[in-house]
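The following exercises concern the pockets of one protein model. Each task is followed by a solution in steps.

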Amino acid sequence: MEINLPDEFITQLSLSKRIVFFTGAGISAESGIPTFRGEEGIWKKFRPEELANFNAFMRNPTLVWEWYQYRRKIVRETTPNPGHYAIVEFENYFDVTVVTQNVDNLHKRAGSKLVYELHGNIEKNYCIRCKKRYDFIEFPENQGAPICECGGNIRPDIVWFGEYLPNDQFSSSENAAEVSDIFFVVGTSSVVYPAASITNIARSAGSYVVEINITETEISDRVNLFLKGKSGEILPKIIELIKSEKAKT
Ligand code: BJW
Ligand code: ZN
């Protein structure tokens with residue numbers, strides 16, 4: 001795949017110190033994890049209002065729990081892809097912050113050091129009554145929704161529709177966007193709020209916004225640079241470019 005990296009972007013890289021990667025389901029697509037929207041998206045088969053909100057969970061905890069068990073299995077069987085690893089490599093050259101909407105834990109598994117998780121983590125759970133944590137525990141399959149020792153339901157630590165984002169993760173992400181020199185928006189449709197508002201913060205603060213996506217999105221006409229293609233191919237190309245520029249100096 002031939003990608004064209006304009007001189008303006010190359011200059012911008014050479015002047016930059018702080019980089020934020022704002023990522024969505026598309027960065028994990030090449031690991032085999034389905035995205036949410038679009039032709040291959042999971043919401044084609046499963047309706048979000050039936051599975052991804054608290055009322056749905058209370059109506060049918062087992063249905064919702066089994067849905068997450070199914071997704072956990074997919075996540076555990078996959079590995080990070082070259083896109084995740086390229087982001088880790090950026091740490092050799094810049095101060096990198098990853099702000100992810102993904103719950104799949106793949107950035108951390110790849111080795112990224114600073115990751116803010118805006119929509120939670122599928123490997124984490126808590127009791128809705130006493131808030132006891134049940135993180136990184138493998139629950140047995142086909143045994144229904146687990147119950148805490150206090151009698152409350154255990155739920156995945158994922159932000160469902162209508163729920164607030166974790167305040168510390170969100171405000172730290174806003175701060176990182178505010179002081180970033182380059183802000184990459186990778187593999188997200190940018191339709192889910194308030195997460196998508198982080199890009200507006202970066203843009204208003206004067207950060208150079210680069211979008212990487214296989215298709216144009218809501219924000220493509222408002223970014224400094226749109227790179228069309230797979231993140232697992234484009235991000236390693238940018239790393240190659242950085243290495244060759246460093247070799248010149
Ligand atoms: C590639 C690629 C490759 C593919 N390389 N690219 C009306 C207007 C505005 C807002 C609202 C509204 N009605 C309701 C709201 C609020 C709502 C919202 O934003 N809804 C919109 C959908 C309309 N937001 C909320 O409810 C949030 N909370 C909130 O607002 O709290 C305040 C409040 C409190 C109380 C009452 C009322 C308000 C919470 C949002 C939580 C989102 N949670 C989910 C997870 C669900 C659980 C689960 O995982 O099962 O988070 S939804 C889902 O979408 C998930 C994702 O993180 C999120 C974003 O999706 P993402 O990552 O962008 O994926 P896709 O599939 O959309 O896009 C993938 C992209 O990748 C595509 O562009 C592809 O082209 C690309 N791609 N392969 C590069 N190889
Ligand atoms: Zn409990």
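**Exercise 1.** Determine which element gives the most residues to the lining of the second largest pocket.

*Solution.* Step 1. In this predicted model, the lining of the second largest pocket receives at least two residues from each of α1 (7–15) and α10 (231–248). Helices are DSSP runs of H or I with at least four residues, and strands are runs of E with at least two, numbered from the N terminus.
Step 2. The greatest contribution, 5 residues, comes from α10.

**Exercise 2.** State how many residues line the second largest pocket, and which lie nearest its centre.

*Solution.* Step 1. On a 1 Å grid over the protein atoms alone, a pocket is an open set of points where a 1.4 Å probe fits, with protein on both sides within 12 Å along at least five of seven lines; lining residues have an atom within 4 Å of a point.
Step 2. The lining comprises 13 residues, with L13, S14, I242, E245 and K246 nearest the centre.

**Exercise 3.** Explain where the largest pocket lies with respect to domain 1 and domain 2.

*Solution.* Step 1. The volume of the largest pocket, the space filled by probe spheres set on the points, is about 1100 Å³.
Step 2. Its lining has 49 residues, and A25, G26, T35, F36 and R37 are the closest to its centre.
Step 3. Domain 1 (1–33 + 81–119 + 166–249) and domain 2 (35–77 + 122–158) both contribute to this lining, so the pocket lies between them. The domain bounds come from an automatic or database assignment.

**Note.** Residues are numbered from 1 along each chain as its sequence is written. Totals for linings use all residues, whereas local features need pLDDT of at least 70.

How values were computed. Chains are lettered from A and ligands numbered from 1 in the order in which they are written. This is a predicted model: local features need pLDDT of at least 70, side-chain atom pairs count only at pLDDT 80 or more; totals for chains, interfaces and linings use all residues. Side-chain values use heavy atoms; hydrogens and water are left out.
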